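Here is a guided walk through one protein model. Keep the sequence and the structure in view as you read.

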Amino acid sequence: MPEAGPGEVRIRVHAAAVNPVDTMVRRGMAFVSDAAPPYVPGMDAAGVVEQIGAGADTGLGVGDRVMAVAVVSGTHGAYAEQLVVPAESVVPVPAGLGDVQAATLPMNGLTARMALDLLGLPAGATLAVTGAAGAVGACAVQLAKADGHRVIADAAPKDEQLVKDLGADLVLPRGPEFPDLVREEIPGGVDGLVDTAGIAGSASRAVRDNGRIASSVHRIEVPAERGIVTRTTFVPQYARDHAKLDRLRRLAEEGRLTPRVARTLPAEQAPEAHRLLEAGGLRGRIVLTF
């Protein structure tokens, strides 16, 4: 049984989202390079406060329902019945949401938040989002609208209405033609791009010279002469930013950030959850229940 140390909170986990990075943790490719297996994946969870460590100024009490983001390290991850995290990494479950829904918000929401922060665009800027029907892409669309941006998003025909419902101002067909279609609408190019589909290099054609790109997937290669600033997200840097996590909670309560649950499975079926995730095609996150 882990104990909450000073400034920490122990959570009885009821739900843990399954994210792509979890499959990398499982294979020893991310966050666990200095640890010996077995590895415990999982970067976000929801459940009930069990213990509050000394000096943890959270405003929470034992028994309160919370959601949290975890930074994986060896056997420390959210796929566990008990999870100890810094108090800054914990906020109440948004009013009106269950634990399963809440578990999909922390990592996806903070990744999208970080991408938008890295872009640093002023309100009213025009922003393109790739992979808009996915979990992080959907958060990027909704958070960008909350920031006051005009959003142009991509979608397959079956996902077009979904992305429109997220609030995108314009939805264009996904695929290699997307940058050219954006240029038809915005001849000078968009101010910024959030890439969650791993196509930042080709999609950079949609971005104006001296624009900005943030990707949640990998390093970005664009012609240097275009002056485009590129950044990649690393969400553990936001894991203890309580204010940003709490803003996600508020936006969810206001209906401006929508949890996306593709399927729930009991925790003992985590291998099947990873198989389903790696097969692709999900709209939202699989959530493990404990």
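**A walk from the sheet outwards**

L127 stands opposite V151 in strand 7. Start there. The model is a predicted one. Strand 7 covers residues 150-155, and its partner here is strand 6, residues 126-130. Four bridges join these two strands, which run parallel.

Now widen the view. Strands of a sheet pair through backbone hydrogen bonds, either parallel or antiparallel. In this model, six strands form an open sheet, and the pairing is parallel. Read across it, and the order is 8-7-6-9-10-11. Which strands stand at the edges? They are strand 8 (170-173) and strand 11 (229-232). Each has a single partner strand, so one side of each is left without a neighbour in the sheet. On average, neighbouring strands of this sheet are turned by 20° against each other, direction ignored.

Helices pack on this sheet. Helix 3, residues 106-119, touches strand 6, strand 9 (190-195), strand 10 (207-215) and strand 11. The direction of helix 3 makes about 150° with that of strand 10. Helix 6, residues 178-185, lies across strand 6, strand 7, strand 8, strand 9 and strand 10. Its angle to strand 8 is about 140°.

Next, look for open space. The largest pocket has a volume of about 1200 Å³. Its lining counts 47 residues, and the closest to the pocket centre are P20, T196, S216, V217 and R285. Several elements give two or more residues to this lining: helix 1 (20-26), helix 3, helix 4 (135-146), strand 7 and helix 7 (200-203). Helix 3 and strand 7 were met above at the sheet. Which helix gives the most to the lining? Helix 1 does, with four residues. By class, the pocket lining holds 24 nonpolar, 17 polar and six charged residues.

There is enclosed space too. A search of the whole structure finds one cavity of 30 Å³ or more. The largest cavity has a volume of about 40 Å³. Its lining is made of T104, L105, N108, A135, C139, T258, P259 and R260. Four of these lining residues are nonpolar, three are polar and one is charged.

Now turn to the backbone. Most residues other than glycine have a negative phi, and most peptide bonds are trans. Some places in this model depart from that pattern. The peptide bond from P37 to P38 is cis, with omega near 10°. P38 is found in the loop between helix 1 and strand 2 (44-52). F31 lies in the loop between helix 1 and strand 2 as well. F31 is not a glycine, yet it has a positive phi of about 70°. N210 also has a positive phi, of about 65°, and is not a glycine either. N210 lies in strand 10.

Is each of these two residues buried or exposed? F31 is partly exposed, because its relative accessible area is 28%. N210 has a relative accessible area of 53%, so it counts as exposed.

End at helix 8, residues 242-253, where D246 is found. The relative accessibility of D246 is 14%, so this residue counts as buried. What does D246 touch, leaving aside its neighbours within four places in sequence? D246 is in contact with V91 and P92.

Technical notes:
Residues numbered from 1 in each chain as written. Predicted model: local features only at pLDDT ≥ 70, side-chain atom pairs only at ≥ 80, totals over all residues. Heavy atoms only, no water. Pairing = 2+ DSSP bridges. Axes fitted to C-alpha atoms, helices over the stretch in contact; angles between N-to-C directions. Contact = heavy atoms within 4.5 Å. 1 Å grid on protein atoms, 1.4 Å probe; cavity = no way out; pocket = protein on both sides within 12 Å on 5 of 7 lines; lining within 4 Å. Points joined across faces, edges and corners; volume = space filled by probe spheres on them. Nonpolar A, V, L, I, M, F, W, Y, C, P; charged D, E, K, R; others polar. Buried < 20%, exposed > 50% of the residue type's maximum accessible area, 1.4 Å probe, protein only.
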